[in-house]
Amino acid sequence: MTVLKESGPDPTDALSSVPVAGSRRGVPVVGKLKFCYGPMDCGKSTLALQIDHNHARQGRRGMVLVRHDRSGEPQITSRIGLTRKAIEVGNETDLRLLVREQWAAGRHVDYLIVDEAQFLSPVQVDQLAELADDVQIDVYCFGIATDFRSVLFPGAARLFELADELQPVQVEVLCWCGQTGRFNARVSEGEVLRAGDTVVVADTEQSLVETSSASRSEGEPNTVRYQVLCRRHFRLGDLGPSSAQHGQLRLT
């Protein structure tokens with residue numbers, strides 16, 4: 001008869017016990033990567049500025065980053081009127097180098113605030129995860145999950161894959177019918193657009209209008225805006241009984 005030798009608990013067992021406090025002291029401390037997401041008008045930028053304010057009040061030092069703010073400037077702007085200067089993230093920006101430059105200047109970094117994070121590249125999201133894991137920086141990302149086609153932005157998709165916490169912003173945005181709005185429809189001349197550039201930064205309010213001779217005659221404005229719709233009316237392209245025309249701010 002073969003006697004099976006008793007072995008210790010399997011660490012891969014989902015029911016295995018959590019290590020006691022004493023043994024956890026050897027586990028390296030890591031930062032957290034959090035993604036707060038929602039449609040336009042739900043207060044993401046306001047929340048980003050509030051979190052930055054709360055951390056700074058406690059003596060923590062942070063960096064505020066943005067990618068394609070609606071204003072076209074290197075800043076975070078909220079629709080309720082709050083504004084904060086920020087560092088603009090470019091296509092080739094290495095976010096790790098931004099932090100290292102602060103260290104080289106003798107400035108400690110405890111946290112990062114990243115607004116419009118959906119426009120980051122997947123590689124840049126990986127860099128944020130590296131900063132959280134390897135140098136214990138808390139990273140707070142804010143952005144829209146899906147584009148005007150209801151397809152995940154590459155940056156948002158990578159955040160869904162890597163973030164420690166995923167938090168939908170709780171401020172409810174309503175479709176014109178009164179149902180919860182989840183989809184950011186791109187609208188031109190009263191029609192919901194289904195094709196075009198993935199990155200067209202515009203607003204739900206009046207903004208700058210740009211013209212492009214490639215797609216229309218010279219001097220003819222291209223008026224584009226966004227409208228938040230529920231799933232049903234997004235599918236149907238139904239903008240409701242009235243849809244005011246607004247301008248467009250295009251960055252790419």
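**Close-up 1. Q167 and K34 meet through their side chains.** The side chain of Q167 makes a polar contact with the side chain of K34, at 2.9 Å. The model shown here and in the other views is predicted. Q167 sits in strand 8, residues 165-168. Setting aside neighbours within four places in sequence, Q167 touches K34, F35, C36 and Y37. The C-alpha atoms of Q167 and Y37 are 6.4 Å apart. Along the chain, 130 residues separate Q167 from Y37. Relative accessibility of Q167 is 28%; the buried class ends under 20% and the exposed class begins over 50%, so Q167 counts as partly exposed.

**Close-up 2. Helix 4 and its packing partners.** Helix 4 covers residues 122-135, which is 14 residues. At 1.5 Å a residue, helix 4 should span 20 Å. The C-alpha atoms at its ends are 20 Å apart, which agrees. Buried positions in helix 4 are Q124, V125, Q127, L128, A129, L131 and A132. An α-helix has 3.6 residues a turn, so residues three or four places apart point the same way. The buried residues of helix 4 pack against two helices and three strands, listed here:

- helix 3 (95-104) and helix 5 (154-162)
- strand 1 (33-37), strand 6 (111-115) and strand 7 (138-143)

Just after helix 4 comes Q136, with a positive phi of about 60 degrees.

**Close-up 3. An open sheet of three strands.** The strand order is 10-9-11, and the pairing is antiparallel. Strand 10 (191-192) and strand 11 (225-229) stand at the edges. Each has a single partner strand, so one side of each is left without a neighbour in the sheet. Strands of a sheet pair through backbone hydrogen bonds, either parallel or antiparallel. Strand 9, residues 183-188, is joined to strand 11 by five bridges. Across this antiparallel pair, F183 stands opposite L229 of strand 11.

**Close-up 4. L229 and its surroundings.** L229 belongs to strand 11. Its relative accessible area is 0%, under the 20% cut-off, so L229 is buried. Leaving aside neighbours within four places in sequence, L229 is in contact with C175, W176, G181, R182, F183, A185, V192, F234, D238 and L239. Among these contacts is F183, the residue opposite L229 in the strand pairing. C175 is another contact of L229. The C-alpha atoms of L229 and C175 are separated by 4.5 Å. Along the chain, L229 and C175 are 54 residues apart.

Methods. Residues are numbered from 1 along each chain as its sequence is written. This is a predicted model: local features need pLDDT of at least 70, side-chain atom pairs count only at pLDDT 80 or more; totals for chains, interfaces and linings use all residues. Side-chain values use heavy atoms; hydrogens and water are left out. Helices (H or I, at least four residues) and strands (E, at least two) are DSSP runs, numbered from the N terminus. The expected span of a helix is 1.5 Å times one less than its number of residues. Buried means under 20% relative accessible area, exposed over 50%, partly exposed in between (1.4 Å probe, protein chains only). Contact means heavy atoms within 4.5 Å. Two strands pair if DSSP finds at least two bridges between them. A polar contact is a pair of N or O atoms within 3.5 Å; within protein, one must be able to donate a hydrogen and the other to accept it, and residues adjacent in sequence count only if both atoms are side-chain atoms.
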